[in-house]
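User: Could you take a close look at the charged pairs in this protein for me? I would like to see how they sit in the chain, and then what surrounds them.

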Amino acid sequence: MKQNKTLLFSLFILLSCGGGGGGGAQNTPTISQTPTPPAPPALSYDELKTQYEGYYEYQNQWGLDLVNASSAYARGATGLGITIGITDSGLDDTHTEISAGRLSSDSDLEYSNYKPNTRQQRHGTMVASVAAGKQDRSDTSPIHGVAFEANVLFIAIQLAEPDPDYEPVDLGTDDGSGTVSGAPDFTGIDNFFSQLFEIYNDYDVDIVNNSYGYSGNIIDYTEAQVRNAFPNTIAEMSQMGTPDSEKTIYVWAAGNAGGYADQGVDFSSPELFPGMAHYISEIQGHSIAVVSVDENGSISSFSSRCGVAQDYCIAAPGGRVTAAYPTSSSDTGIYIGNPNDESYNSCIQDNSCYAVTSGTSFAAPFISGGLAVIAQYFEGQLGSTEIVNRLFSTANKKGVYADKAIYGQGLMDLGAATSPVGQMTAMLTETLTGAMTPAMFTSMQLTSPSFGDAVSRGVVNQTIIFFDELGAPFRGSVENITSDYRSQLINFNNYEDMYQSVSHINDSGYSVLEMSSYNNQNHANELIMPKQVLNAYGDHNQFFTYINMDKNNFISHGLNGSWALGIFADTDLRYKTTLRSKFSNPWMNFSASGTSFGSIIASKHGFDLAVLMSTGRSKFNSNEVFGESDTSSIAMIEVQPKNSVPSMQLGWLKENDSSLGLNGSGAFNSSNEKVTSFVGLSNSYNWMGGKFFTSMYLGVTPGGLNNSGMIRSSSNIKSSAFGLGFLKSSIFTANDEVIISIDQPLRVESGRMNLRVPVYRDKERNVLFNSFGFSLSPSGREINSSVQYQSRYNQIGFSLAVGYKSEPYHMKSIRDYWYTSIGFSLKI
């Protein structure tokens, strides 16, 4: 960075573009009023937007609402950290609207040969307040700037007052061949502007506001005339050798030539400097002309139009906007200095006066502030030309704003500029031209409780960016694209205890057919249960089982396929439906919505051998979310000793694109079929006049690498489940029984996942990724303890269940709780 430079100059005939020549309204005083109290701070976007709109400063500066500034503010875009350069006649940094803390120390506010007085400071102070005036969130100030947290680098230059007669600047005569003759010598002026713009470029200023210019419609000149008069200025503005992404953006007031319409002045296009991009290709993409609209949204009568510069021109509020108005003891301007006068305002005592003013001079800082808001919102990831392109592409082009000859690219819309344009995509490579996938399909789904809160804890505070059709990054939380199985209606905890199955069992002696469904019962339970949720659960739990004892074959549909194996090989336990969710093989749940076939092969060697095949969708998956391809297949054998030795299960679970119910889609698609190997031990035996039963399961899911998605790798995942219980009948009557059980549902004991997600893009459109990993073991261990009592008297059945669940869903953050349910049945 070069040292600050001092500008040495003579008085040039440059006109400030605010209200000159009858082109705008006269400055009028503004008095603060008591506002409607803003809404209290809130977190949601809608509440924040309403809060900003409730501030008196926002309400009083009508242009902020016209350009939807509150939408950007609610998204956190306020211009913070962006520097706006302002070239103007002077700045009164003692005015209460100007934040000294955000005024760059590199600013040049006065020189040895030019020390602006109060009058000369007014125009620049007004411009600065519109662009970046501070926000007080009170009624002490009637406005705040568009980018109220942006920094300002101000350079004062001497400007002439607008002339009552419109006199276009003379650039000589073009003979048609590109030769210009008879032009005044602009060398001094050209070198001055070249030096001025060099300062901004050297200081890496993001945006430069220029609310001044020469009279003369750009169409009255030729490219040759412009290049002949300002070669050095053009060269410095072009910033040759600087990447387009790093160039300083120049914003120009289009001019107030419409105010001279009664003199026959052509105001169909911007004036000389703002319209220069029409001819000079080197500055196209980072030079903007700004026309003014009034409070009704229509073009201001005093404003020049976009005309031939329409591709580099945009509209913004500039008619009767409120701005800071400096005063001093020697110059109170439009305010009365006599305290005894009825029109006296005490604002002159502390330099806190404001005025209503008009001109494209004040439309330009709306755009400069808007550019700062956009630049800050995208965290410095968009290049300069991308920011300008986004400003133009998202501008309001509806209705009258479709007239490009008047409004150019339309009316600035900061709400649209900070919103995604078109379809969002997830990038898989390091450049925006590489492989991508739709963001709407990118997510991680947890369809099993075995992981608990492991994934949500692992991705907490991790962010990801997706890209809109203009290549702009939009940041979000990885956690927000992780779908928890608890969000599905059918997986709310304890529904198995609130529901009683209505089974119809037909036992012929050599075969048993069970048809069952769950119906809505009148249970008393501490949890609130919407009827539609209960019905959804019931619809999901319609099933049948069939076993032929002669041939030792069994089949089921819609149920965990191990219903006849493990402890359920014991016929005393097989149709105890409340035990199935606790003691069945846990990996069989991943095909429980499908069909299972099995056979028991008798042996003379002291044991029988059961073989089971199952295919279907997980019991945790709801039909409306997961497609038909999300199925699992299971092969299992069980060795069933004929003595008291526990039975042993060995099996393999193959899932399509998931690991124990953790799967991804879109950019998180691992595209790998995982095979889990598992082993289980089960036993039941008579003890103390009842039946003691227990089961224990261990499984291993292999890890893997993935070079094409954001889930890069995972290690081996080990999982477990266990349960033990006791059943005793005929306690008080011949038809009652009690079941005591303790169980842990399937839980991941160890494993690790590694992700690689895009988190930033640079101005050259390269995408940067963040790699991180986390444990797949949850924070808690769910233990469910319950006591169930059932009794029947004649045709009336009664049931009571009391239970305690600790660390539900394997999460320490969820409070332990007791639950109870009471049921009645009548057999007709």
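Analyst: Happy to. A salt bridge here is a side-chain nitrogen of Lys or Arg within 4 Å of a carboxyl oxygen of Asp or Glu. Side chains of opposite charge can pair when their charged atoms come close. Please keep in mind that this is a predicted model. By that rule, the structure holds 23 salt bridges, and a few of them make a good tour.

Let's start with Glu-53, which forms a salt bridge with Lys-49; their closest N and O atoms are 2.7 Å apart. Both residues belong to helix H1, which covers residues 45-54, and because they are 4 residues apart in it, about one helical turn separates them. As for exposure, buried means under 20% relative accessible area and exposed means over 50%, with partly exposed in between. Glu-53 has a relative accessibility of 23%, so it counts as partly exposed. Lys-49, at 21%, counts as partly exposed too.

Now for a pair that links distant parts of the chain. The side chains of Arg-227 and Glu-282 meet in a salt bridge, with 2.7 Å from N to O. Arg-227 is in helix H7 (residues 223-229), while Glu-282 sits in the loop between helix H9 (272-275) and strand S10 (287-293), and the two residues are 55 apart. Arg-227 has 27% relative accessibility and therefore counts as partly exposed. Glu-282 falls in that class as well, because its relative accessibility is 24%. This pair also has company: salt bridges that share partners join Glu-223, Arg-227 and Glu-282 into one network.

One more charged pair is worth finding on your screen. Glu-807 forms a salt bridge with Lys-812, and the closest N and O atoms there are 3.1 Å apart. Lys-812 reaches 54% relative accessibility, so it counts as exposed.

From charged pairs, let's turn to the covalent links. A disulfide is a covalent bond between the sulfur atoms of two cysteines. A search of the whole structure finds 2 disulfides. Counting bonded cysteines along the chain, they follow the pattern 1-2, 3-4.

One of them joins Cys-306 to Cys-313, with 2.0 Å from S to S. The torsion about the S-S bond of Cys-306 and Cys-313 is -70°, and the link is left-handed. Cys-306 and Cys-313 are both buried.

The other disulfide joins Cys-347 to Cys-353, with an S to S distance of 1.9 Å. Here the torsion about the S-S bond is about 90°, so the disulfide of Cys-347 and Cys-353 is right-handed. Cys-347 has a relative accessible area of 7%, so it is buried. Cys-353 is buried because its relative accessible area is 1%.

Two helices are also worth a stop. Helix H10 takes in residues 360-377, 18 residues in total, and reaches 26 Å from its first C-alpha to its last, close to the 26 Å expected at 1.5 Å a residue. Of its 18 residues, 18 are buried, so H10 is largely enclosed by the rest of the structure. Just after H10 comes Glu-379, which takes a positive phi of about 55°.

The second stop is helix H13 (residues 414-417), where you will find Ala-416. Ala-416 has a relative accessible area of 26%, so it is partly exposed. Leaving aside neighbours within four places in sequence, Ala-416 is in contact with Arg-390 and Thr-394. The C-alpha atoms of Ala-416 and Ser-393 are separated by 9.2 Å, and those two residues are 23 apart along the chain.

Finally, let's step back to the whole chain. Its secondary structure comes to 17 helices and 40 strands. The chain has 828 residues, and 55% of them count as buried. Among contacts between residues at least 6 apart in sequence, 72% join residues at least 24 apart. The chain exposes about 33600 Å², with carbon and sulfur atoms supplying 52% of that area. If you go back to the charged pairs with this in mind, Arg-227 and Glu-282 are a friendly place to begin, as a pair that links distant parts of the chain.

Key. Residues numbered from 1 in each chain as written. Predicted model: local features only at pLDDT ≥ 70, side-chain atom pairs only at ≥ 80, totals over all residues. Heavy atoms only, no water. Expected span 1.5 Å × (residues − 1). Buried < 20%, exposed > 50% of the residue type's maximum accessible area, 1.4 Å probe, protein only. Contact = heavy atoms within 4.5 Å. Areas by Shrake-Rupley, 256 points an atom, 1.4 Å probe, with all protein chains shown as cover. Disulfide = S-S within 2.5 Å.
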